Amino acid sequence: IQRLPVSSGRPQLLLDGSDVILCAAGRMTGEALKAAELLRQKGISARVIDARFIKPLCADDYRTIFDTRLPVVTIEDNTERGGYGDQVLHLRQAQEKPGRQLCIAWPDAFVSHGSTALLMKKYKIDAEGIAERVERFLEGKA
């Protein structure tokens with residue numbers, strides 16, 4: 001197994017795309033890659049970025065992401081408030097880089113009990129749910 005050097009705060013491009021950027025944190029990176037494939041089958045080209053870090057974020061790398069002017073979707077295994085999506089929104093505002101952004105995460109509310117797979121499907125944070133939500137977001141319905 002080859003280990004690649006990791007630079008603190010620096011995200012990694014996993015898949016190039018031209019319609020939307022999926023920035024995923026942690027184990028949600030795998031779901032984002034699966035969602036990108038589902039989107040590709042519908043004619044939507046998704047760039048997938050592995051955030052690798054929630055704090056600190058590399059301001060220069062995220063400036064480059066924002067400068068594409070593509071819609072950005074953050075995807076995380078965390079609640080909607082106070083996590084990676086909020087960090088990206090905060091950095092976007094600090095850099096004065098307006099743009100469309102959707103945060104996909106667990107709701108900031110009580111989550112019922114059940115298997116992880118069942119709950120991810122229910123709250124649409126599995127690959128199929130992510131693809132559906134991204135498609136609706138791009139259509140202006142989310």
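Let's start at Met28, where helix H1 begins in this predicted model. H1 covers residues 28–40, 13 residues in total. From its first C-alpha to its last it reaches 18 Å, close to the 18 Å expected at 1.5 Å a residue. Now look at which of its residues are hidden: Met28, Thr29, Glu31, Ala32, Ala35, Ala36 and Leu39 are buried. Viewed down the helix axis, these buried residues of H1 fall within an arc of 150 degrees, so they line one face of the helix. That pattern suits a helix, because an α-helix has 3.6 residues a turn, so residues three or four places apart point the same way.

What do the buried residues of H1 pack against? Four strands are on the list: E1 (12–15), E2 (20–24), E3 (46–50) and E4 (72–79). Two helices are there as well, namely H4 (116–122) and H5 (127–138).

Those strands bring us to the sheet. It is an open one of five strands, in the order E1-E3-E2-E4-E5, and the pairing is mixed. E1 and E5 (101–106) stand at the edges with a single partner strand each, so one side of each is left without a neighbour in the sheet. Going from one strand to the next, the twist averages 25 degrees.

Take a moment at the E5 edge. E4 and E5 run parallel and are joined by five bridges. If you want a landmark there, find Thr74, which stands opposite Cys103 in E5. Helix H5 packs on the sheet as well, touching E2, E4 and E5, and its direction makes about 155 degrees with that of E5.

Next, the aromatic rings. There are two aromatic pairs. One of them is Tyr62 with Phe66: the ring centres are 6.3 Å apart and the planes are at 50 degrees, so the pair is tilted, given that stacked needs under 30 degrees and edge-to-face over 60. Both residues sit in helix H2 (residues 59–67), four residues apart, which is about one turn of the helix. Are these two rings' residues buried or exposed? Tyr62 has 0% relative accessibility and counts as buried; Phe66, at 4%, counts as buried too.

Trp106 and Tyr123 form an aromatic pair that is edge-to-face, with 5.8 Å from centre to centre and 65 degrees between the planes. Trp106 belongs to strand E5 and Tyr123 to the loop between H4 and H5, so this pair ties together parts that are 17 residues apart in sequence. Trp106 has a relative accessibility of 12%, and because buried means under 20%, it counts as buried.

Finally, let's check the backbone in a couple of loops. The loop between E3 and H2 holds Pro56, and a cis peptide bond joins Lys55 to Pro56, with omega at about -10 degrees. Arg52 is found in the loop between E3 and H2 too. Arg52 is not a glycine, yet its phi is positive, about 60 degrees. With 29% relative accessibility, Arg52 counts as partly exposed.

Where is Lys124 placed? Lys124 is in the loop between H4 and H5. Although Lys124 is not a glycine, it has a positive phi of about 55 degrees. Its relative accessible area is 31%, so Lys124 is partly exposed.

Key. Residues are numbered from 1 along each chain as its sequence is written. This is a predicted model: local features need pLDDT of at least 70, side-chain atom pairs count only at pLDDT 80 or more; totals for chains, interfaces and linings use all residues. Side-chain values use heavy atoms; hydrogens and water are left out. The expected span of a helix is 1.5 Å times one less than its number of residues. Buried means under 20% relative accessible area, exposed over 50%, partly exposed in between (1.4 Å probe, protein chains only). The arc is that of the directions from the helix axis to the C-beta atoms. Contact means heavy atoms within 4.5 Å. Two strands pair if DSSP finds at least two bridges between them. Axes are lines fitted to C-alpha atoms, for helices over the stretch in contact, and angles run from 0 to 180 degrees between N-to-C directions. Rings of Phe, Tyr and Trp (its six-membered ring) pair if their centres lie within 6.5 Å; planes under 30 degrees apart count as stacked, over 60 as edge-to-face and the rest as tilted.
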